[in-house]
Amino acid sequence: MFYSKKNIALAALIALIAGCGFEPLYVEKKTSGEWYYDNEFDTGIIEEMASVKVELIQDRIGQLIRNDLLDKLSPKGQPAHPKYYLKITGIKKREIDQALRNDITATRKKVIYTVTYVLKNNEHKNLISGNSVAYLGYDILRDPYSTTFAQKKIEKNAAKIIANDISLRLGAYFHSLQTKRGNPDEY
């Protein structure tokens, strides 16, 4: 049988990944079997994330971030009795001119969005907080409509990046809580 270098490299990669200890972030195994595929999963992390109420945000980028977070955290709708409250504040946008022409006008902008978030419980105790940053850029074109379209696209992309980052951090937080509950020796 003929083994190509690609097949051998693929087999080695699969063996490497299988032995790395990969675990899904949003689910926990209910049994201690070796493979994830033949076990049942505890979806407690998903349920915890679905019990987060994302508070209203005033400006346009904030509304986009909130909508993306709602899709990620609670796709079935806002929780009727939330256990956690996520507040997004301090949305800052910074633009930096790049690629200057001879007349010192920019042909490209770098845009940096910074957001501060806090997750609180029902007793208004801060559980986690942090900053999320999105780095993007767009070209400044001769057609003002195209430039405006590029700016709107950057705003939507920044909202998705920030919402992904925050939801992953919340998932990691709930995963660490569930791991501690499952193993009391880690307290």
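How many bridges join E5 to strand E6? In this predicted model, select residues 126-139, which constitute E6; 13 bridges connect this strand to E5, and the two run antiparallel. Within the pair, highlight Tyr113, whose position is opposite Ala134 in E6. Proceed next to the hairpin of E5 and E6, where 4 residues lie between the strands and His124 adopts a positive phi near 65°.

Turn now to the other partner of E5. Select strand E4, residues 84-100, together with E5, residues 106-121: their pairing is antiparallel and extends over 14 bridges. Leu86 may be displayed here, as it stands opposite Leu119 in E5. These strands also form a hairpin, with 5 residues between them, and Ile104 in the turn has a positive phi of about 65°.

The charged side chains follow. The model contains 7 salt bridges. Select Lys93 and Glu95, whose closest N and O atoms are 3.4 Å apart in a salt bridge; Glu95 is partly exposed, at 35% relative accessible area. Adding Asp97 and Lys109 to the selection displays a network of salt bridges that links these four residues.

Move next to Asp68 and Lys160, which form a salt bridge with an N to O distance of 3.7 Å. Asp68 belongs to helix H3 (residues 60-73) and Lys160 to helix H4 (residues 144-182), so this contact ties together parts 92 residues apart in sequence. Asp68 is buried, at 13% relative accessibility, whereas Lys160 is partly exposed, at 46%.

Finally, select Asp165 and Arg169, a salt bridge with its closest N and O atoms 3.1 Å apart. The two residues are 4 apart in helix H4, so about one helical turn separates them.

Technical notes: Residues are numbered from 1 along each chain as its sequence is written. This is a predicted model: local features need pLDDT of at least 70, side-chain atom pairs count only at pLDDT 80 or more; totals for chains, interfaces and linings use all residues. Side-chain values use heavy atoms; hydrogens and water are left out. Two strands pair if DSSP finds at least two bridges between them. Buried means under 20% relative accessible area, exposed over 50%, partly exposed in between (1.4 Å probe, protein chains only).
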